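Student: I'd like a close look at one part of this model, the open sheet in chain A and what packs around it. Could you walk me through it strand by strand?

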Amino acid sequence: MDMPCERTVNIAEQCRWQMIPERHFSLTGRIIATVIGCQLLLITALTAAAVAYGRAQLRKAFDESLEGRAISTLALVRYSEDRPPDLTFDPELTPPSSDPLHKDLFEIRQSDGQILAQSGSVPSGARRSHGNYANLDVAGVPYRAVTLSNVQVLDTEEGLKSPARVTVVYAASLLPVQQNLAELGLSVAGTSLLLLLLASALMTWGVRRMLAPLRELAEQAGAISVKNWNFRSPGKASLPRELVTLTGAIETLLKRLQDSFRQQRDFTSDAAHELKTSLAILKSALQSLLQRPRSEEEYHTGLEQLLEDCARLEDLLGRMLRLARIERWAETGLPENLPATELHSTCEAAISRIFALAHEREVAVELIDPNPEPIYVRAEPEDLEVVWVNLLENAVRYSPRGSKVLVRIQQNGAGTTRISVEDSGPGIPPEDLPHVFERFRRGDQSRARSTGGFGLGLAICKAFVTAYGGGIEALPRPTQGTEMRVSLPMDSHQTTMSSPVSI
Amino acid sequence: MRVLLVEDEKRLAANIARALHESAGYAVDVAEDGQEGYHLASSGLYDLIILDLMLPKLSGQELLTRLRKHEHDTPVLVLTARDEKDSVVRLLNSGADDYLAKPFDLGEFLARAKVLVRRGKGQRSPVLSVADLHINTVERAVRRGHREVALTPMEYRLLEYLAHRPRAVVSKAELLEHLYDYNWEKFSNVIEVYVSGLRRKIDIGHSVKLLHTVRGHGYALRADREHS
């Protein structure tokens, strides 16, 4: 009796083992990695944008200040006090370099090309047309130069017909700008990374917390075994919406599993019970026969009874095996090529098989088949016969002496046929009606036992009828007794099969 | 001794009853469902109740619980085809004295049944002794002093019943109730016939008489001379 339990445990164990060796990704890890990846991308873009914007702004400011320096240098060009059209330059007042390490360079040329003043040597490529900038490389240091060409000297001298003009080329080191830019980039990137770290920590905590119900769910589900069917879903109210459906599904699945497991276990246990009882009868009969010397006649009756007991055991085994065979159909599906079986003849065969019992009980069995044409059903004829015999056996056993059991074949329309077996026995109590088709039903055992059944007959009927796509129900008859009503789908080729007969 | 057998499986009940009758000399009544079983059991007539668990109308478990609730202390031996631990524990806890799992060995069953009957009468040893009279309940052999005494089955039953209650006065009615099952017709003078036969076999030739008639009350098995 322990066998099925152990087998199920092993299966559960196997599943567990199959799950462990495979490496699985962590949902928390994935979520965090995805979010951090996105954020990194964002930070890079942000830093790049910040640097580009800063560069443009700094360049603009640098260019403006460069032009300002050039103009302020221009402001130092004055007319000579002695010879007015001539020009002088006052180097004392040159503005300080923007980069203390790399001096500003400038040169001022007069309109005839003569250099009026200069600081350092301005590379010849620095000169451009008026107001234009050039990028230079002076001894490895980046410089930017502006050219103010042919501009009027700002110092005004009265009496001069035309004011003197000069060209100023002014260059300054770009290094401070570049440094500023680098600092800007670093600070933006640094701040963002710091924030990212903080966010990641928060998110790890958050995601873990959010996934906690999932872990709890898994633990609960993992604790389920054949010995413990309890599934306490972690507090429904606190569950996220997504998990509520999952929990529901698990609960339903478990319920179904448990039901089928219990049914299986009950069946095994009931079957064992029946077998043990039958064996107990055989064993006690043999032992009591052997307890002391008996007369030949005593031995003879004893052995005859033993033979009867064996037949009973055989019958029980046959019924159990038959039930097991139909159960297999539920998994593998109905066998193909089922013959089209004519109903009327199977009913007649069943009635003839029950005749002896009916005769002994003084119960008449009548077949009522008003259908003008034979009705065919896709089924093994022996199986149908078993169903009718089981139903008839019940009906005859519970019928009072001298009463009649009716078998009615009706066409139900919509392609089904109805076969009813009606008795006028004491009837089944309404509270037992839903249970009559259960195996080894325990509702009222005196009915099954004292009449020689095992509580398997109706269960077999139901299993067969269901397997063949039909239904069976037990109904109280309006006057007295019980009607067992079977409905079966008629063979779809019925018309083509019966037409040659009618022609 | 009179035993009530509550078992709905007719063939099994017949086998058990036959064995009890043939090998232990017990009178056996059979009840085929729980309700009848409870009804008979609560009459208090029985020295042992043998109870199947799966019974129609009233389960063996329920029968047992009810019986003990109403303070009937007849020993109960349970027969069960289910030997799961928890159901055995439940059985013993609700007042069963012993249990046997089907299919059981008839010899073991008889031995256990005898133990329970003995214990129900406050005896431990399978040999009941009154003075120099020894009754071996296992072999159903009787000795007075060193001499074997051959008894008919009915005489033995009578003696064993009296020996289980040494010194007590047992009424004729009680003897009738405990030595016969419902299938026997009862005539009160039957007891007198057996008592006189028994007395002839165990007391004649001995100075100490053991089987005493207490006029108007019944019989007693004891080793004194006062009422002889």
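Tutor: Sure. Start with β9(A) and β11(A), residues 404–411, which run parallel and are joined by five bridges. To find that pairing on screen, click on Val365(A): its bridge partner in β11(A) is Val405(A). Keep in mind that this is a predicted model.

Now zoom out a little. These two strands belong to an open sheet of five strands in chain A, in the order β9-β11-β12-β14-β13, and the pairing is mixed. The edges are β9, residues 364–368, and β13, each of which pairs on one side only. Ignoring direction, neighbouring strands in this sheet are turned by 15° against each other on average. As a general point, strands of a sheet pair through backbone hydrogen bonds, either parallel or antiparallel.

Go to the β13 edge for the antiparallel case. Here β13(A), residues 471–476, and β14(A), residues 482–489, pair in the antiparallel sense over six bridges. A handy landmark is Ala474(A), which sits opposite Met484(A) in β14(A). The two strands form a hairpin with five residues between them, and in that hairpin Gly481(A) has a positive phi near 95°.

Next, the helices on the sheet. α6(A), residues 343–360, packs on it and touches β9, β11 and β12 (416–422) of chain A. The direction of α6(A) makes about 175° with that of β9(A). Over at the hairpin, α9(A), residues 457–467, lies across β13 and β14 of chain A, at about 135° to β13(A).

Before the sheet in the sequence there's a helix pair worth a look. α4(A) and α5(A), the latter spanning residues 296–332, pack with their axes 10 Å apart and at an angle of about 170°. That angle is why α4(A) counts as roughly antiparallel to α5(A). On the α4(A) side the contact includes Ala271(A), Ile281(A), Leu282(A) and Leu289(A), while α5(A) brings in residues including Tyr299(A), Leu306(A), Leu313(A) and Met320(A). By class, this contact has 11 nonpolar, three polar and three charged residues.

Chain B comes into the picture too. The contact between the chains takes 18 residues from chain A and 20 residues from chain B. On the chain A side, α4 (241–290) and α8 (445–450) each supply at least two residues. The largest share there, 11 residues, comes from α4(A). Sorted by class, that side of chain A has four nonpolar, eight polar and six charged residues.

While you're in chain B, have a look at α2(B), residues 34–41. Its buried residues are Gly34(B), Gly37(B), Tyr38(B) and Ala41(B). They cover an arc of only 95° around the axis, so they lie on the same side of α2(B). The general rule behind this is that an α-helix has 3.6 residues a turn, so residues three or four places apart point the same way. Among the elements covering those buried residues are β1 (2–6), β2 (27–31), β3 (48–52) and α3 (60–69) of chain B.

Finally, some context for chain A as a whole. The chain has 10 helices and 14 strands. Buried residues make up 22% of its 503 residues. Of the contacts in chain A with a separation of 6 or more, 66% are between residues 24 or more positions apart.

Conventions
Residues numbered from 1 in each chain as written. Chains lettered and ligands numbered in written order. Predicted model: local features only at pLDDT ≥ 70, side-chain atom pairs only at ≥ 80, totals over all residues. Contact = placed C-beta atoms within 7 Å. Helix = DSSP H or I, 4+ residues; strand = E, 2+ residues; numbered from the N terminus. Nonpolar A, V, L, I, M, F, W, Y, C, P; charged D, E, K, R; others polar. Buried ≥ 20, exposed ≤ 12 C-beta atoms within 10 Å, placed from the backbone. Arc of directions from axis to C-beta. Pairing = 2+ DSSP bridges. Axes fitted to C-alpha atoms, helices over the stretch in contact; angles between N-to-C directions. Parallel < 35°, antiparallel > 145°, perpendicular 65-115°, else oblique.
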